[in-house]
Amino acid sequence: MYDARDPKAAGGRSDLLFGAIVIFVVGLAFVIGMKGPELFGGGADRGVASTPTADDPALAAFQDKKTRRYINALREFDADEYTRLADAVDGATDKMDARLALFEHNEGLLRRHGASLANANARHFDAMLSLGQKALQRASNSGSQFCKGSFYANADRMSPRQLRRLGQDLVDSDELYEFGIDFNILMIEAMEDARTNPANYGEMQPKDQMAIQNMAVSLMSDPQIMSLAMTAQSGDRSALNNVDVCKLGGSVVRAFKKLPQDTKGRIWADAFREGAKSLDQLGLAGF
C-alpha cells in the first residue's frame, strides 16, 4: 500500500508531481482563455510605438484602468505586439468579445516571447505565486464552483460545446478576468526585465532535485493530495467530491514558495526552456 511518508514511495512520483505543479503554476492565468498547452515561443523584433489615441481600438475596447495599464505596458514592451492586440480587438462586438480577443492575443504573445522568461529573475516567479495564492484563497472562501472537485470529476468527458461554455463562463467572471490581467502585467514586467537584465541560474543541480523531492514528500502528506493519489490508484472518481481544488492549489503554491530562491530560479528557467524546445519541435514557435 502507498505510504505518503515513505520517501521511496514519494520519490517515485516526484517527477510526475513536479511536472503537474509546474504546469499548474505557469498555466494558472491562461485557463481563462482555455489555451494552457500553448505557452511558449520564440522571439520577435521590437518595433517603434506611436502614442495611443483616444480612438485607438486597443484602448477604446477597454474602459477599466487595469486593462489599460496592461495595454500600455504591452505597447512599451513591443510595439508590434501592441499592433497585433489592436487588430485583434478591433471589431469586437461587446465586452466579452474584447476579453476573448485579448486573451487569444496573449496566447500568441507567449508563443513568440515566452522563451525569454527563462532569463527572468526569480522574484517575478514569487510575485506570480503570491498573486495566485491570494486568488485561490478568495475563490475557496467564496465557494466557487471551480474549486469543487466534483466539477472536475467528469471534465475529461465534456463535449466540445460544454468546454466552450466553460471557457465562456471563465471569461465572464470579472474576478477571474482581473486576475488574468494582473498576471499578464507581471508577465510583461518579467519579459522586459529578462531582456534588459537577464538572469542566469544555470542548470538544475542535485540539491534542487533533493529540494523538489522533499517538497513532494511534504505535499503527499496533504489529505487532499492523498485523496487524489487514491483516486488515481482506484479509479473511483467519487473521491474527488471531497477535494477543494483551490485549497489544494494553495498548498502547492505555499510549498513552492518555501523552496530556496536559486532553486526556484532554476525551476522557472528549466520549465520555459523545455517548453520552448517542445514548441520548436512542433514547429509552433514564433507564430
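**Helix packing and the nonpolar core**

Helix 6 crosses helix 12 with left-handed geometry in this predicted model. Helix 6 comprises residues 122-142, and its axis comes within 9 Å of that of helix 12, at a crossing angle of roughly 155°. With angles over 145 degrees counted as roughly antiparallel, helix 6 is therefore roughly antiparallel to helix 12. On the helix 6 side, the contact is formed by Phe125, Leu129, Ser130, Gln133, Leu136, Ala139 and Ser140. These residues meet Cys246, Lys247, Gly249, Gly250, Val253, Arg254, Phe256 and Lys257 of helix 12. By class, the contact of helix 6 with helix 12 contains seven nonpolar, five polar and three charged residues.

Helix 12 spans residues 245-257 and includes Val252. The relative accessible area of Val252 is 7%; the cut-off for burial is under 20%, so Val252 is classed as buried. Between the C-alpha atoms of Val252 and Asp222 the separation is 9.8 Å, with the two positions 30 residues apart along the chain counted as their distance apart.

A second helix pair is formed by helix 4 (residues 79-89) and helix 5 (residues 95-113), whose axes approach within 9 Å and cross at roughly 150°. Helix 4 and helix 5 are therefore roughly antiparallel, and their crossing is right-handed. Helix 4 contributes Glu81, Arg84, Leu85, Ala88 and Val89 to the contact, while helix 5 contributes Ala98, Ala101, Leu102, His105, Leu109, Arg112 and His113. Seven nonpolar, two polar and three charged residues make up the contact of helix 4 with helix 5.

Glu81, located in helix 4, is buried, with a relative accessible area of 0%. Outside its neighbours within four places in sequence, Glu81 contacts Leu74, His105, Leu109, Arg112 and His113. The C-alpha atoms of Glu81 and Gly108 are 9.2 Å apart, and the two residues are 27 residues apart along the chain.

In soluble globular proteins, nonpolar side chains tend to be buried together. The largest nonpolar core in the model consists of 57 residues, within which Tyr70, Ile71, Leu102, Leu117 and Phe256 have the most contacts. Helix 9 (residues 174-196) makes the greatest contribution to this core, with 11 residues. Of the core residues named above, Leu102 also takes part in the contact between helix 4 and helix 5, and Phe256 in that between helix 6 and helix 12. Leu117 touches Leu110, Met187, Ala190, Met191, Trp268 and Phe272, with residues up to four places away in sequence not counted.

Conventions:
Residues are numbered from 1 along each chain as its sequence is written. This is a predicted model: local features need pLDDT of at least 70, side-chain atom pairs count only at pLDDT 80 or more; totals for chains, interfaces and linings use all residues. Side-chain values use heavy atoms; hydrogens and water are left out. A nonpolar core is a set of buried Ala, Val, Leu, Ile, Met, Phe, Trp, Tyr and Cys residues joined through side-chain atoms within 4.5 Å. Buried means under 20% relative accessible area, exposed over 50%, partly exposed in between (1.4 Å probe, protein chains only). Helices (H or I, at least four residues) and strands (E, at least two) are DSSP runs, numbered from the N terminus. Contact means heavy atoms within 4.5 Å. Axes are lines fitted to C-alpha atoms, for helices over the stretch in contact, and angles run from 0 to 180 degrees between N-to-C directions. Angles under 35 degrees count as roughly parallel, over 145 as roughly antiparallel, 65 to 115 as roughly perpendicular and the rest as oblique. A crossing is left-handed if the near helix is turned anticlockwise from the far one by less than a right angle, and right-handed if clockwise. Ala, Val, Leu, Ile, Met, Phe, Trp, Tyr, Cys and Pro count as nonpolar, Asp, Glu, Lys and Arg as charged, and the others, Gly among them, as polar.
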